[in-house]
Structures are given as C-alpha cells and as structure tokens.
Amino acid sequence: MDTPSPLALLLEALDAGDLRAARTAAEELQRTRVGSTQLAAEVLHELRQPLLGVKAYAQLLTEELGPRGALKQVLAQVERMEQIISDFIRLASERPAPQQPVSLVAHVQAAARAFALNPESARIRLEVDAPEELVVEGNGRLLEQLALNLFNNARDAAAGPGLVKVVLTREGLAPIMYVADWGRGIPDAVRARLFEPYVTGSKRGTGLGLAVCRRIAHEHQAQLDLAPSDVLPLSPTPSTVFRVRFPIPASREAPAPEPTAQAAPQRHRLLVVDDEEIIRSVFRDLMGRECEVIEAPHAEEALAWLERGGVDLIVTDKNLPGLSGLELAQRARRLDPHSRVILMTGYPSLVTAQQALELGVLDYLLKPFDDIREVRAKLRAALATPPPGARHLRPGGRRVDVLEDNPTSARRLTEALALMGLEARVLPTVPGELPAEPPAAVVVSWDFTSAHGRQALEVARRLGQGAPFVVLAEFLSQETMLEALRAGASGCLPRDLEPRELGRELARLLKPSP
C-alpha cells in the first residue's frame, strides 16, 4: 500500500477539521519541498563545471576549425543550458547577494555584450539608450542577469529579424529601465501569471526567465511590471514594454567586513579571489608551501584585506558576484598604485583584455588552465618582478621616442604628440645604444619591421628606461593586447587613428606625473 503524500495528508486533515494533523502535514510538505528544491539546485550547480569545460573546448575547436554550423549549434545549446541552470539556481536560492552602489548603465551594457555573443541573437538589433549615468544600490552580476533575461525574452518574442530597444532614464530621482520589443505580444491568457515559474507565451522559452527577473528585482527593492505600450515615444508603438523601477539610491555606504586578524606576514602574501571554492583550493595547494595564501570568495572581502594591510600579489577571477575582478583591480590600484594583479577568466574578450591592460594588470590567465605548472611559474615570476612601472610621463621630459618605420603613421604620431605639447623623435630602426637622456615616454609599432611583435615591445621597454610606453597596431587582436599587457605597456591603440583622436587617446594613457 502506497504511503499518502504530505499534500494528500494535509487535504484529508483540512477536510476532517483536524488542525493539529493539518499543521503537522503542512510542516512535512514544506520540508519535502525545500529538500527537493535544494537537491535539484545542488545537482545543477555541480553540472556547471563540466558544462564550462564543454563550452571552452567547443570554443577552442571553433578557433581551429572556424565557426562551422555544427559547432555553432553546440555552443548555442550549451549557452542555453547555462541559462537554464542559472535561472533555476537563482529561483531556488534563498541567500541574498551582496549589494553596493553600482553603475546600472555599465551592467546593462555588459548584458548587451553577452546577448550579442549568442548566435540566436544575430537576427536582433539591440539598441541601448542611456543619456546619463545611473547609480543603483545592487549586485552587478544579478543586474546583468536581470537585463540579459529581459533581452532574451524580447528576442524570443520575435518570429524573425527584429529590434529590441532599451531605455535607461529617471522618473524623478528613481532610475528606470525599459525594455521594448515589436514581437507578437503577450497573450491575454498568460498576462496575469506572466512572472510565475514555467509560465510562458513562447514556444522557445522555459518559463523561468521572467520569474528570475521578478526575484532579482525583489532583491533590489525594485518593481518589475508590464508598462503601457505607449509609455515610450517610439514609432511604431512597441507590442510589449517591460519596466524596472529602482528605488532612489541611498547615500550611505555599508562598512567593509572585518577580516579575521592574522599574524604579521613572514613570507610573500598571495590573495586569491574566486567564488568557486575548488579554484581557491587549487591555489592554496599550489602555492601554500611558498607563500601565505589568503582566500576571498568575492571582491568586497578582498578589499577588506587590502585596506587592513598590503599583499604581494592578487589573483582574481574576472566574473565575481558583486564587484567584478576588473573593478577590484581598479580599487586595489587606488589603495596602492604598485599593486600586482593577475586576472583569471573563462570568457576572454578583446574588450576585457584592453581594460586589464590599461589598469596595469600583470597577466591574464585563461580558464580552464592547460597546465597548472605553468600557472605556478607565472605566479613565481610575478612575485619576483618589481612592482608595475610608471604609468605617467617622465617628469620634466617633452621628448617621446617613436619606434615606427611607416612614414604615414610616423607623421600622424608626430602631429598627435605636438597637440599634446610633446616632441616626437622618430626612430625608423632599432637604435644601437640607449640615449644619454631617457625619453618622457615611448610609442612603438607592433608592426615595426626591424623588431616585430613581442621583440618590438622588448625594445620599447629597454629604450624607455622606466618610462611608460604605448603600442600601436594595424589590427587590434586579443594576442596583441595580451602581449602588450604582459610586457607592461600602458595601452594599445589602432595604428590608423587620425592625429586629433590619436592625441586624445595618448593623453588619456600618458597622463602628466601627479
């Protein structure tokens, strides 16, 4: 004979009017629901790591074989599985994520970039209208997921090519995000239950995306709803407009957490920041005999360590809950301009490589690591390397040495530096000896004929004698960015910029000494 389910027992007790039995059955039903949900969430979380491996190696195959149809489909399905896992875990989670003042515009733009990476988004034109900076109290990673889910929902509503319009604005002092689409609209039968799990009007969706959006909005004390179609002055009028109304951000800042006191360091201190415990464990076992390894699951805890006392090297994941690894690197450099930082990521991109380069990051490690022994060698080298070099023009100097053998590019550089009040000394070949008076800075062409690529960077570093240097490349690529980053360059720019724009970019990268 089958044992009655907790729900059946609850209904029987209610029918019989037995309140004590009903209360017992309700408590058992709650325990069963929580246990089942938690088990499912844990299983899905464990699936993330092998799924990351499948995605990474599919991406590597795409680089080797090109974006063929079968590989594109594999990547698209992997990304779909990742989204389903993230959505379900977010719904099952009862733990609030850390929050602080963040840029809503920056995280919506990051979500737009992630949206563009999905092959299914190629038929959609996504426009983001953000005329001013908006700051909200929130969690950057969750805000990106909120925006990305709304973008994906709008994409799935379109039967073919279409437009998704995002408008970031204010109503009074409250930040507002609108996401509009011109798809098939929301059926009346679905509208009343739209934000419930597994309710969807699309054959493509899982019905989890909007429920996750509502959950994230609730965590941010924000209101997510369907706005009238004519709320935005758009022509033609969109069929669907979602609105997220955020509360007015408070001016106060939460105090940083107090880390546990530690004894004065006797060895090098390595700070490892990653929300995956297994990754922190790998670095602890890898370097624990050689230095003191400090672990932090997110950037906020890492900053607390940095504010209490310096560390010799920071190794941080790029995608962290709350503040990103790049934001952590930026704040670390503010606390100590000589901070050494190595960034890790499973999702490399030209944009983040450029951001890391301009922040003075020492290296950019790609997950999954091909050989952990190579990672150890990089950490040892970083700990043995002097702090990052100058990021400003050498004081009192006006001469900039230019390693360039292309006459057109050399002329543009000369004009650009003149706009900055600097004098260019163009060197069409590698100089035989160092000048008696070091330059204020160096500009080197990646395509310098007599010392191409990595060799050109070594020449620039030697010629500068501690002065900052900037790399120019005919074609910007991730390889160029990473080589420039590892050589200690201050930036990497396109070779064909016009003098005025080139001057502005050089002035941004080669600031006068403070």
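Below are legends for four close-up views of this predicted model.

**View 1. Helix α5 from end to end.** Let's start with helix α5, which covers residues 140–157. With 18 residues at 1.5 Å a residue, α5 should span 26 Å, and its end C-alpha atoms are indeed 26 Å apart, so expectation and model agree. Of these 18 residues, 15 are buried, leaving the helix mostly covered.

**View 2. The N-terminal cap of α5.** Here we zoom in on N139, which caps the N-terminal end of α5. Look for the side-chain oxygen of N139, placed 3.0 Å from the backbone nitrogen of L142.

**View 3. V400 and its surroundings.** Strand β13 (residues 399–403) is home to V400. The relative accessible area of V400 is 0%, and because buried means under 20%, V400 counts as buried. Beyond its neighbours within four places in sequence, V400 touches L417, L422, E423, A424, R425, A441, V442 and V443. It is also worth finding G464: though 64 residues separate it from V400 along the chain, the two C-alpha atoms are 9.2 Å apart.

**View 4. L403 and the nonpolar cores.** The largest nonpolar core contains 46 residues, and L403 joins L271, F469 and V471 as those with the most contacts inside it. Setting aside neighbours within four places in sequence, L403 has contacts with L427, T429, P431, V442, V443, V444, S445, F448, V459, A460 and L463. A second core, separate from this one, has 38 residues, including I124, L134, L148 and L210. As a general backdrop, nonpolar side chains in soluble globular proteins tend to be buried together.

Notes
Residues are numbered from 1 along each chain as its sequence is written. This is a predicted model: local features need pLDDT of at least 70, side-chain atom pairs count only at pLDDT 80 or more; totals for chains, interfaces and linings use all residues. Side-chain values use heavy atoms; hydrogens and water are left out. Helices (H or I, at least four residues) and strands (E, at least two) are DSSP runs, numbered from the N terminus. The expected span of a helix is 1.5 Å times one less than its number of residues. Buried means under 20% relative accessible area, exposed over 50%, partly exposed in between (1.4 Å probe, protein chains only). A polar contact is a pair of N or O atoms within 3.5 Å; within protein, one must be able to donate a hydrogen and the other to accept it, and residues adjacent in sequence count only if both atoms are side-chain atoms. Contact means heavy atoms within 4.5 Å. A nonpolar core is a set of buried Ala, Val, Leu, Ile, Met, Phe, Trp, Tyr and Cys residues joined through side-chain atoms within 4.5 Å.
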